[in-house]
Amino acid sequence: RMGEIETRIADQKDRVEIGLLKIMDIMDFLDANSTERMILELRYIDLKKWDGKNSIAKELHLSRSSCFDYHNKALEKLLSFKKVRAILEKYKKDREQ
């Protein structure tokens, strides 16, 4: 029973690592030190909230609405790349199966 649990944990860890690598591959389309990239990393990798004590807004010394603006700008920029759109389409097809 313990071996089965360890196997399931290892499998889940592998899936998380693969997902994180995919996210990082997409993030590489943004400039390394851009505010847009920092916001996406804080939100989707570090899982920070928009506001509150340890939030994205506090960490970057921005208002919540400015964070949203940078977030939307980053997503629009990423979607302007054909390769990113292809990655997302593949992900969508894989999820449907």
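A salt bridge here is a side-chain nitrogen of Lys or Arg lying within 4 Å of a carboxyl oxygen of Asp or Glu. In this predicted model, Arg64 forms such a bridge with Asp51, and the closest N and O atoms are 3.3 Å apart. Arg64 sits in helix H4 while Asp51 belongs to the loop between H2 and H3, so the pair ties together parts that are 13 residues apart in sequence. Both partners turn out to be partly exposed: Arg64 has a relative accessibility of 41%, and Asp51 comes in at 42%.

That pair is part of a wider set, as a search of the whole structure turns up eight salt bridges. The general idea is a familiar one: side chains of opposite charge can pair when their charged atoms come close. Asp28 and Arg37 provide another case, with their side chains meeting at 3.2 Å, N to O. Arg37 has a relative accessible area of 9%, and because buried means under 20%, Arg37 counts as buried. Glu41 comes into the picture here too, since Asp28, Arg37 and Glu41 are linked in a network of salt bridges.

At the start of the chain, the side chains of Arg1 and Glu4 also meet in a salt bridge, this time at 3.9 Å, N to O. Arg1 is exposed, with 73% relative accessibility, whereas Glu4 is partly exposed, at 43%.

Helix H1 runs from 2 to 27, and Ile5 is found in it. Together with Met2 and Ile9, Ile5 makes up a nonpolar patch on the surface, and the three share about 300 Å² of accessible area. Ile5 has a relative accessible area of 37%. Residues need over 30% relative accessible area to join a patch, so Ile5, at 37%, clears that cut-off. In the exposure classes, Ile5 counts as partly exposed.

Then there is the pocket side of the story. The largest pocket holds about 540 Å³ of space. Its lining is made up of 16 residues, and those nearest its centre are Lys22, Ile23, Ile26, Ile87 and Leu88. Several helices chip in: H1, H2 (35-44), H4 (64-79) and H5 (82-96) each supply at least two residues of the lining. H5 gives the most, with six residues. As for chemistry, the lining of the largest pocket has 12 nonpolar residues, along with three charged and one polar.

Finally, a couple of backbone angles deserve a look. Most residues other than glycine have a negative phi. Leu47 goes the other way, with a positive phi near 55°. Leu47 is placed in the loop between H2 and helix H3 (56-60), and counts as exposed at 65% relative accessibility. His61 is not a glycine either, yet its phi is positive, at about 55°. The place of His61 is the loop between H3 and H4. With a relative accessibility of 72%, His61 is likewise exposed. Leu47 and His61 thus both lie in loops, on either side of H3 in the chain.

Technical notes: Residues numbered from 1 in each chain as written. Predicted model: local features only at pLDDT ≥ 70, side-chain atom pairs only at ≥ 80, totals over all residues. Heavy atoms only, no water. 1 Å grid on protein atoms, 1.4 Å probe; cavity = no way out; pocket = protein on both sides within 12 Å on 5 of 7 lines; lining within 4 Å. Points joined across faces, edges and corners; volume = space filled by probe spheres on them. Helix = DSSP H or I, 4+ residues; strand = E, 2+ residues; numbered from the N terminus. Nonpolar A, V, L, I, M, F, W, Y, C, P; charged D, E, K, R; others polar. Patch = residues over 30% accessible without salt bridge, like charges linked within 9 Å, V, L, I, M, F, W, Y side chains within 5 Å. Areas by Shrake-Rupley, 256 points an atom, 1.4 Å probe, with all protein chains shown as cover. Buried < 20%, exposed > 50% of the residue type's maximum accessible area, 1.4 Å probe, protein only.
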